[in-house]
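Me: I am new to reading protein structures, and I would like to go through one with you step by step. Could we look at the features one after another, with the general idea before the particular case?

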Amino acid sequence: MKLRLALDQNFPTPLIFAAKPWLGAIELRHTHEIDPRLSDLDDWELLIALRQHADGYAGMVTADGRMIEQAKELAVLQQTGLSLVVAEG
């Protein structure tokens with residue numbers, strides 16, 4: 001069973017390629033690869049769309065640390081049970 005996480009649209013692809021040997025059963029896909037329409041959504045809407053997606057995404061990886069400071073995004077994370085991984089630096 002794979003853990004599926006979406007990558008925020010601006011997440012650096014080279015970082016994923018470098019980490020791939022250590023990801024094991026974690027599948028990472030950019031949101032625009034999942035569905036190009038996801039790129040036009042606000043972050044809170046994107047989280048809801050990922051929760052409803054047929055492929056079963058467990059959360060999202062982002063480099064946008066401000067996302068965890070936003071009330072709507074935090075409310076959606078709590079209500080959906082999705083995980084948010086914030087990579088900084």
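Me: Let me begin with the inside and the outside: what percentage of the 89 residues in the protein do the buried residues make up?

Reply: Keep in mind from the start that this is a predicted model, so everything we read from it is computed. A residue is called buried when its relative accessible area is under 20%, and exposed when that area is over 50%. In this protein, buried residues make up 33% of the 89 residues. As for the outside, the protein exposes about 5,700 Å², and carbon and sulfur atoms supply 53% of that area.

Me: How should I read the fold along the sequence, and which pattern does the protein follow?

Reply: One goes from the start of the chain to its end and writes down each helix and each strand in turn. Here there are four helices and four strands, and they follow the pattern β-α-β-α-α-β-α-β.

Me: What radius of gyration does the protein have, and what would a compact globule have?

Reply: The idea is to set the value of the model beside the one expected from the number of residues. A compact globule with 89 residues would have a radius of gyration near 12 Å, and the protein has 12 Å, so the two agree. Along its principal axes, the C-alpha trace spans about 35 × 30 × 25 Å.

Me: Contacts can also be sorted by how far apart the partners are in sequence; what share of them joins residues at least 24 apart?

Reply: If we take the contacts between residues at least 6 apart in sequence, 54% of them join residues at least 24 apart.

Me: Now I would like to look at a single helix: which residues of H4 are buried, and where do they lie around its axis?

Reply: For a helix, one looks down the axis and asks in which directions the buried residues point. In H4, which covers residues 71-80, the buried residues are Glu 73, Val 76, Leu 77 and Thr 80. Seen down the axis, these residues fall within an arc of 100 degrees, so they line one face of the helix. The face turned away from the buried side carries the exposed residues Ala 71, Gln 78 and Gln 79. The cover over the buried residues of H4 includes helix H3 (43-52) and strand E4 (83-86). Just after H4 comes Gly 81, which takes a positive phi of about 80 degrees.

Me: What do we find if we read H3 in the same way, and which of its residues are buried?

Reply: The buried residues of H3 are Leu 46, Leu 47 and Leu 50. They cover an arc of only 100 degrees around the axis, which puts them on the same side of H3. Among the elements that cover these buried residues are strand E1 (3-7), H2, E3 and H4.

Me: Turning to single residues in strands, is Thr 62 buried or exposed, and what is it in contact with?

Reply: For a single residue, one notes its place, then its accessibility, and then its partners. Thr 62 has its place in strand E3, residues 59-62, and at 0% relative accessibility it counts as buried. Leaving aside neighbours within four places in sequence, Thr 62 is in contact with several residues, including Asp 8, Phe 11, Met 67 and Leu 84. His 30, in strand E2 (residues 26-30), is buried with a relative accessible area of 5%. Not counting residues up to four places away in sequence, His 30 touches Leu 7, Asp 8, Gln 9, Phe 11 and Thr 13.

Me: And in the loops, are Met 67, Leu 38 and Pro 21 buried or exposed?

Reply: A loop residue is judged by its own accessible area, just like a residue in a helix or strand. Met 67, in the loop between E3 and H4, is buried with a relative accessible area of 1%. Beyond its neighbours within four places in sequence, Met 67 has contacts that include Asp 43, Met 60 and Glu 73. Leu 38, in the loop between helix H2 (31-34) and H3, counts as buried at 9% relative accessibility, and among the residues Leu 38 touches are Leu 46 and Leu 50. Pro 21, in the loop between helix H1 (13-19) and E2, is exposed, with a relative accessible area of 62%.

How values were computed:
Residues are numbered from 1 along each chain as its sequence is written. This is a predicted model: local features need pLDDT of at least 70, side-chain atom pairs count only at pLDDT 80 or more; totals for chains, interfaces and linings use all residues. Side-chain values use heavy atoms; hydrogens and water are left out. Helices (H or I, at least four residues) and strands (E, at least two) are DSSP runs, numbered from the N terminus. The radius of gyration is taken over C-alpha atoms; the globule rule is 2.2 Å times the number of residues to the power 0.38. Buried means under 20% relative accessible area, exposed over 50%, partly exposed in between (1.4 Å probe, protein chains only). Contact means heavy atoms within 4.5 Å. Accessible areas come from the Shrake-Rupley method with a 1.4 Å probe; for residues, only the protein chains shown count as cover. The arc is that of the directions from the helix axis to the C-beta atoms.
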